[in-house]
Amino acid sequence: MNASAFRHLYDYHFGENRKLWALAAGLSEENFARPAAYSHGSVRDQVIHLAEVENIWFSELRNRALDDPFPAEHLESRAAMRAYWDQIEQDVRAYLAALTDDMLLTTPILEPDEDRGLYVWQVLLHVVNHATDHRAQLLRQLNDLGVETGYQDYIFYCYGYPWQQG
């Protein structure tokens, strides 16, 4: 386990997030916000959840406080939501660029209490795993809304397969 491997894994993760946004871009506003009973609800609410969670975990790793996990002004449009998501990606990339192998075995989180004993490597793995779970849910929702989706399998990223819808 090393920092370089995590940077590689996050390149895959960010690529999958961008593919998800490309699929969601074709939805009408009605379908983007259509309520769903499963998980966090609509495509919109699932996207917000993914961005919030990533921002929260990386803020915890840096011991930075969050005033508002997803600022209200970014809820006004998909473009604003996407810009906020892109900013989170840039913040995470900056963290990963400074990540060293030694940091992976540290426990930097001070709050909340239940996260204090987590190693950096555990948090990094959790964030990607959590996003994979929600992206799978979103791919199903998008499929049910008539959008042709593709695979998000990590192995296809390793093979260098180009992603295509349908």
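**Entry 1: the second largest pocket**

I began with the second largest pocket, which holds about 180 Å³ of space. The model I am reading is a predicted one. I listed the lining and got 13 residues. Nearest the centre of this pocket lie Ala-36, Gln-137, Arg-140, Gln-141 and Asp-144. I then checked which elements give two or more residues to this lining, and found α3 (43-61) and α5 (120-144). Helix α5 gives the most, with four residues. I sorted the 13 lining residues by class: five are nonpolar, five polar and three charged.

**Entry 2: cavities**

How many cavities of 30 Å³ or more does a search of the whole structure find? I got two.

I took the largest cavity, with a volume of about 60 Å³. Ten residues line this cavity. Those nearest its centre are Glu-16, Lys-19, Leu-20, Leu-23 and Leu-139. Two elements turn up with two or more lining residues: α1 (3-24) and α5. The top contributor here is α1, with four residues. By class I noted five nonpolar, two polar and three charged residues in the lining.

Next came the second largest cavity, at about 40 Å³. I wrote down its lining: Phe-14, Asn-17, Leu-50, Ala-51, Glu-54, Trp-85, Ile-88 and Glu-89. Helices α1, α3 and α4 each give two or more residues to this lining. The class split is five nonpolar, one polar and two charged. I marked Glu-89 in this lining, since that residue returns in the next entry.

**Entry 3: salt bridges**

I looked up the salt bridges and found ten in the structure. Side chains of opposite charge can pair when their charged atoms come close. I followed three of the pairs.

The first pair I followed was Arg-18 with Glu-89, at 2.9 Å from N to O. This pair links distant parts of the chain. Arg-18 sits in helix α1 and Glu-89 in helix α4, 71 residues apart. Are the two partners buried or exposed? Glu-89 is buried, because its relative accessibility is 7% and the cut-off for buried is under 20%. Arg-18 comes out as partly exposed, with a relative accessible area of 34%.

I stayed with Glu-89 and found a second partner, Arg-93. The closest N and O atoms of Glu-89 and Arg-93 are 2.9 Å apart. Why are Glu-89 and Arg-93 separated by about one helical turn? They are four residues apart in helix α4, so about one turn lies between them. I checked the exposure of Arg-93 as well: at 27% relative accessibility, Arg-93 counts as partly exposed. I then traced shared partners through the salt bridges. Asp-11, Arg-18, Glu-89 and Arg-93 join into one network.

The third pair was Arg-82 with Asp-86. Their closest N and O atoms are 2.9 Å apart. Both residues lie in helix α4, four residues apart, about one turn of the helix. Arg-82 is partly exposed, with a relative accessible area of 25%. Asp-86 is partly exposed too, at 30%.

**Entry 4: a loop residue, Leu-105**

I moved on to Leu-105. Where does Leu-105 lie? I placed Leu-105 in the loop between α4 (78-98) and α5. Is this leucine buried or exposed? Leu-105 is exposed, because its relative accessible area is 59% and the cut-off for exposed is over 50%. I also looked at Leu-105 against Val-120, 15 residues apart along the chain. Their C-alpha atoms are separated by 6.2 Å.

**Entry 5: a nonpolar surface patch**

Last, I went to the surface. Which residues make the nonpolar surface patch of about 340 Å²? I found Ile-155, Tyr-159 and Tyr-161. Tyr-159 has its place in helix α6, which covers residues 154-159.

**Recap**

I end with the points I want to find again. Glu-89 lines the second largest cavity, is buried, and pairs with Arg-18 and with Arg-93. Helix α5 gives the most residues to the lining of the second largest pocket, and α5 also gives two or more to the lining of the largest cavity. Helix α1 gives the most to that cavity lining and holds Arg-18.

Terms used. Residues numbered from 1 in each chain as written. Predicted model: local features only at pLDDT ≥ 70, side-chain atom pairs only at ≥ 80, totals over all residues. Heavy atoms only, no water. Patch = residues over 30% accessible without salt bridge, like charges linked within 9 Å, V, L, I, M, F, W, Y side chains within 5 Å. Areas by Shrake-Rupley, 256 points an atom, 1.4 Å probe, with all protein chains shown as cover. Salt bridge = Lys/Arg side-chain N within 4 Å of Asp/Glu carboxyl O. 1 Å grid on protein atoms, 1.4 Å probe; cavity = no way out; pocket = protein on both sides within 12 Å on 5 of 7 lines; lining within 4 Å. Points joined across faces, edges and corners; volume = space filled by probe spheres on them. Nonpolar A, V, L, I, M, F, W, Y, C, P; charged D, E, K, R; others polar. Buried < 20%, exposed > 50% of the residue type's maximum accessible area, 1.4 Å probe, protein only.
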